[in-house]
Amino acid sequence: MYQYIARRLLLTVPVVFGVAVIVFSIVRFLPGDPARAIAGVQATPEFIQQVRIRYALDEPLHVQFGLYLRGLARGDLGQSTFTRRPVTTEIAERFPRTLLLASISLAFATVLGVGAGIVSATRRNSLFDNASMFIALVGVAAPVFWLALMLQLLFAVQLRLLPATGMGSWRHLVLPAVTLGSASAALMARITRSSMLEVLRLDFITTARAKGLTERVVIYKHALKNALIPVVTVLGLQFGILLGGAVLTETVFAWPGVGRLLVDAILRRDYPVVQGTVMLLALLFVLINLVVDIVYAFLDPRIHYQGGSEE
Amino acid sequence: MSTATATDTTVPKEKTKKTSELKEVLKHLIRNRAAVAGLVIIGFFLIVAVFAPFIATHSPTATSLVTRLQRPSAEHLLGTDELGRDLFSRMVFGSRISLNIGLISTLIGVVFGVPIGAVSGYYGGKLDIITQRFIDIMIAFPGILLAIVVVTVLGVGVQNVMIATGIASVPVYARLVRGSVLAVKEQSYVAAARAAGLGDFSIIFKHILPNCLAPIIVQSTFQIATSILWAAGLGFLGLGAQAPTPEWGAILSNGRAYIRTAHHLTTYPGLAILFMVLGFNLVGDGLRDALDPKTR
């Protein structure tokens, strides 16, 4: 087990390194002078020169990359060309908001998705099953930004129940969280249902029923525990995807998180902020995957810890 | 000489097996009501895209200040936008863009991802370890983020969106095909092909990959849907198709400013994206069941 965890940790190192290379390359692959790109659209020639010196852009690439890594390790991600504030400050201010939004979305998606999935599986082919699976299909297919606008239109513009945009009270969180979580809820409902159906077919369920246990105990104590293993894996991955998906949701709801920061930065050609935000989101995703894999190893005793080819 | 006769006898057999397999799959697909609904949806959008100039009632780009922001009417079936352009006609032409993006970016993913996965799975060893780490790095950018990174570097526009979403789907195929190849390469007919003196290239492409087709086809159907969603997302963010191009995500983004007075500009393009994506997802689900002998 510990060997597996150590191996998994070790595999993360080249990935983090590779992510850093890609993020570092974003600016270097742009057409034209990287100093001008980093300095921003309205930079004076003096400022461009300053940037060139600060990022050592006249040095060979590997030296530049070394400096970039050193900056990363110290938490120095450069300076926003738009606000002229350190990128770390910009991100630190907004990241908790994205984390909050993604967490609430995940909670919403889990409760709704797993709940609907269990009921669907236990009442297979019922009206509830068919209706919830139909909604799940639509939920996966609906563009998240469109869903956001439709919810705004209904609950904010027409019914005036909830604020359309911004941040403040818990009421501001409802629409963004529901929007962001809907696709995950749909996915989880489908996965919970099929996993539950699979488990319910197994011999130990028949045995449990034959022992005279109530259906309630069979489903919630015996079946659910086993059926939730794939759901837990998806749960972790979904959290990462929600953080990335926040880009669209935050834009529609004017939620001042890192997703919105990224989009604004791209449109303003504020490359240091783009790099910082992408770096953060990717590293988080790597970290989440790592945690999911380790949790999975604890949950599922069938996983084998040796050998070279398991994913 | 003996190899020649061996292949001579197996070829016709394989052919009849293939056609019956295809018939079997189609039979199961047609029996699946949801999959048929998906096929009908895809067929509908294909017809609209192919015959767009005949179906559109107006030019998709002709502006008219007299007819600004009109509600749907007999003249303008889905109303007009802030420049007086006919929304119905713009959406009809937009179906071409979305289908193109979905198909071409998926093709890019297949063309690069499948060989990478196949070679990685077939040769194994160090090559596999290195390839998989590269795939890990690409997968580290969740969902639409990798496409956003690529578009940031390449710049905006429909063509770059195709490339970006295509690149973002490469790791999906590489992982999928590697897994299938690992399973298939242990089969005895692969050993037989090797014993017959076939090169690695023809073993991979003629003997192994054809047997990994089922998951690739299923994934491609879903991938088209995902690419359409990603492209629309990029268009919505202003990072995709640019202004007068009638791309659905861009139309929707444009209509946002008028959501209180003219919500048809956001409602209909979104519905179009939803239906197109739903169509491909339904067919994907159906194909997965039809191609899996267990669920037949």
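The exchange below asks how the labels given to parts of this predicted model are justified.

User: What makes A:Leu299 partly exposed?

Analyst: Its relative accessibility is 38%. Buried means under 20% and exposed means over 50%. A:Leu299 falls in between, so it counts as partly exposed.

User: Where is A:Leu299 placed, and which nonpolar patch holds A:Leu299?

Analyst: A:Leu299 sits in helix H12 of chain A. The patch consists of A:Val232, A:Leu287, A:Val291, A:Val295 and A:Leu299. Together they offer about 370 Å² of accessible area. Helix H12, residues 271-299, gives the largest share, four residues.

User: Why can A:Leu299 belong to a patch at all?

Analyst: Patch residues need over 30% relative accessible area. A:Leu299 has 38%, so it passes that cut-off.

User: How do you know that A:Arg8 and A:Asp293 form a salt bridge?

Analyst: The N to O distance is 2.5 Å. The cut-off is within 4 Å, so the pair qualifies. The pair links distant parts of the chain. A:Arg8 is in helix H1 (residues 2-28) of chain A, and A:Asp293 is in helix H12, 285 residues apart.

User: Are A:Arg8 and A:Asp293 buried or exposed?

Analyst: Both A:Arg8 and A:Asp293 are buried.

User: Why is the contact of A:Arg209 with A:Glu215 called a salt bridge?

Analyst: Their closest N and O atoms are 2.7 Å apart. A salt bridge needs them within 4 Å, so the label holds.

User: What makes A:Arg209 and A:Glu215 partly exposed?

Analyst: A:Arg209 has 37% relative accessibility. A:Glu215 has 39%. Partly exposed lies between 20% and 50%, so the label fits A:Arg209 and also A:Glu215.

User: How do you know that B:Arg178 and B:Asp128 meet in a salt bridge?

Analyst: The N to O distance is 2.8 Å. The limit is 4 Å, so the pair counts. B:Arg178 lies in helix H7 (residues 158-184) of chain B, and B:Asp128 in helix H5 (residues 125-139) of chain B, 50 residues apart. B:Arg178 and B:Asp128 are buried.

User: How many salt bridges does the structure hold, and which residues are linked in a network?

Analyst: There are 15 over all chains. A:Arg85, A:Glu90, A:Glu93 and A:Arg94 are linked in a network of salt bridges.

User: How many helices and strands does chain A have?

Analyst: Chain A has 12 helices and zero strands. Buried residues make up 50% of its 311 residues.

Technical notes:
Residues numbered from 1 in each chain as written. Chains lettered and ligands numbered in written order. Predicted model: local features only at pLDDT ≥ 70, side-chain atom pairs only at ≥ 80, totals over all residues. Heavy atoms only, no water. Helix = DSSP H or I, 4+ residues; strand = E, 2+ residues; numbered from the N terminus. Buried < 20%, exposed > 50% of the residue type's maximum accessible area, 1.4 Å probe, protein only. Patch = residues over 30% accessible without salt bridge, like charges linked within 9 Å, V, L, I, M, F, W, Y side chains within 5 Å. Areas by Shrake-Rupley, 256 points an atom, 1.4 Å probe, with all protein chains shown as cover. Salt bridge = Lys/Arg side-chain N within 4 Å of Asp/Glu carboxyl O.
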